[in-house]
Amino acid sequence: MKRSIFIRGIGFVALNYSLHPLLTSCSKEGLMNPNEEDPNLNPDNSTNEYIDLDQSMLQDISINTFNLEVTKNQVSIFGNSIDAYTINGVVPSPTIKVASGETLSINFKNQIDAESIIHWHGLIVPPLMDGHPSLAIQPSDQYSYQYKINQRAGTYFYHSHTHGLTGKQVYLGMAGLFIVTDEEEKALNLPQGDFEIPLIIQDKVIVSNTIVYSPSQMDYRMLGYLGNTILINGVPNAYKKVKKTTYRFRILNGSNARIYQLVLGQNSPFTIIGSDGGLLESPATVTSALLGTGERLDILIDFSKIEQSEVVLYSDTTLLNLGGGVMAAGSSSQNTRFSLLKFEIENDTSISPYSIPNTLSHISYPDISQAQISRNITLNMLIGAGHAINSKQFNPNQVEFEIPQGSIELWTYTNSSNTAHPMHIHGVQFRVVSRSQSSVPPWETGLKDTVLVLPNEVVTVLIHFNAEPGLYLFHCHNLEHEDAGMMLNFTIV
Ligand code: C2O
Ligand code: CU
Ligand code: CU
């Protein structure tokens, strides 16, 4: 394995947790804080060297008829072994790239020792294609998906959706990007080829060079499973060589529970061009952007504007209130700062500058004045059972809402817990109308399928339900919350 000659300049040091007897797994393995330089205290990585992102296993699938075969494999990820659930042999799962309007035939083969099913997060597909957990297939069985891509270009996502096992199966590898292109987007000539980079951000618990998934009861009920090591496209300590020009990064938070706030070193600006459901109408330049689990961001970084020869992409949530339940007392494991990816900027001035278009797309969506139905959704706790929606937890035979096809609705989430919940709805793309603790940030002005609801926050979204009639889900995309039951059915009728 070829390694970078750069020794990491920013070390990690373990946070000092006050111990709660139920939280020993967190306290040993909490995320480390890179602000305090101590390169020796990232004990579970085999190397303190940076690894070139180009060495990731990411593979593309750009045909319309293909197999996705999941198998249990012992995989070595840069010196760390994992009993992975690989799809077509790789982790993360292959990146599917298709054009809007195409029809796909996908044969999902389950070769692991548990039931499983795949969901196409953000895609609007018929109910039998949506990967509802009731459709899960047994080991050695196959599920055949056939659907047309009936929506705009965007960075979507596919992953396991097996009830009670989604967290485990995603963590062990069953998650990948699903990129849809269309003519409107192509006409913009956004950075492409070597200048268009997918970034799947995941945090893993690595102990003695082994990647483990073993959440405790408390992880499930309160926090979700937080890791101590960041992988970008499966690569720990990742760096990427870039030229002095503008790059497009399609970023997926593919973590089970961790929320990231992206910032560049020296607070360098970057430009948001898209989110969950594709391009924004116009670009927005920011110095930070929040990314909950399951959410995507499409950003441009202009490295010609950065004077240093390197710049680090961090996550810095130290000043946010993301909650974290019991663990928040004495630690800040959801609220911390660490590096995600280091860019080394090559001093090549032969590249011509790129200018960002002023208009990116047109989003046609019903107006808020057309909303016919308002629903209140409370995110709360059931004593002893954990997080719930409207005081209920998932029951496969129970339907929370029957929604007439075509209905335009306002859903207001009220988070009465002290934990952030990224709330996802199947079968729709929606718009964020308002937040009680801030204005709607620039990266939430496009179409969304997942919205972060902070502790004690009230968030209203406008939703047009025009998918085919049948059974769908809405749930928290903290996967341990979801597996513990923070998920309800709705039907379109
Ligand atoms: Cu990405 Cu129902 O999930
Ligand atoms: Cu989904
Ligand atoms: Cu949640």
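**View 1. A copper ion held by two histidines and a cysteine.** In this predicted model, the copper ion (ligand 3) is gripped by three atoms: ND1 of His 421, SG of Cys 476 and ND1 of His 481. They sit at 2.0 to 2.1 Å from the metal. Read along the chain, these donors follow the pattern H-x54-C-x4-H. His 421 belongs to strand β28 and Cys 476 to strand β32 (residues 470–476), so this pair ties together parts that are 55 residues apart in sequence. Are His 421 and Cys 476 buried or exposed? Both are buried.

**View 2. Another copper ion, with two histidine donors.** Move over to the copper ion (ligand 2), and the protein donors are His 119 and His 424, each using its NE2 atom. Their distances from the metal run from 1.8 to 1.9 Å. His 119 comes from strand β7 (residues 118–121) and His 424 from strand β28 (residues 421–425), so the pair links parts that are 305 residues apart in sequence. Like the pair in View 1, these need a burial check: His 119 is buried, and His 424 is too.

**View 3. Trp 120 in the largest nonpolar core.** Which residues have the most contacts inside the largest nonpolar core? They are Trp 120, Tyr 147 and Phe 178, in a core of 91 residues. Zoom in on Trp 120 and, once you skip its neighbours within four places in sequence, you'll find it in contact with residues including Leu 68, Ile 96, Met 129, Asp 130, Tyr 147 and Phe 178. Apart from this core lies another one of 32 residues, with Ile 377, Leu 410, Trp 411 and Phe 474 among them. As background, nonpolar side chains in soluble globular proteins tend to be buried together.

**View 4. The largest pocket and its lining.** This pocket holds about 610 Å³ of space. Its lining has 25 residues, and the ones nearest the centre are Lys 97, Gly 193, Glu 196, Ile 197 and Pro 198. Several elements chip in with at least two lining residues each, among them β5 (95–99), α3 (183–186) and β11 (196–207). What's the mix of residues in the lining? It splits into eight nonpolar, eight polar and nine charged.

**View 5. The second largest pocket.** Here you get about 450 Å³ of space. There are 22 lining residues, and Ile 124, Asn 150, Gln 151, Arg 152 and Asn 466 come closest to the centre. Sorted by class, the lining has 11 nonpolar, eight polar and three charged residues.

Technical notes
Residues are numbered from 1 along each chain as its sequence is written. Chains are lettered from A and ligands numbered from 1 in the order in which they are written. This is a predicted model: local features need pLDDT of at least 70, side-chain atom pairs count only at pLDDT 80 or more; totals for chains, interfaces and linings use all residues. Side-chain values use heavy atoms; hydrogens and water are left out. A nonpolar core is a set of buried Ala, Val, Leu, Ile, Met, Phe, Trp, Tyr and Cys residues joined through side-chain atoms within 4.5 Å. Buried means under 20% relative accessible area, exposed over 50%, partly exposed in between (1.4 Å probe, protein chains only). Contact means heavy atoms within 4.5 Å. On a 1 Å grid over the protein atoms alone, a cavity is a set of points where a 1.4 Å probe fits but cannot get out, and a pocket is an open set with protein on both sides within 12 Å along at least five of seven lines; lining residues have an atom within 4 Å of a point. Grid points are joined across faces, edges and corners, and a volume is the space filled by probe spheres set on the points. Helices (H or I, at least four residues) and strands (E, at least two) are DSSP runs, numbered from the N terminus. Ala, Val, Leu, Ile, Met, Phe, Trp, Tyr, Cys and Pro count as nonpolar, Asp, Glu, Lys and Arg as charged, and the others, Gly among them, as polar. Donors are N, O and S atoms within 2.8 Å of the metal (3.2 Å for Na, K and Ca); water is not among the atoms, so sites may look incomplete.
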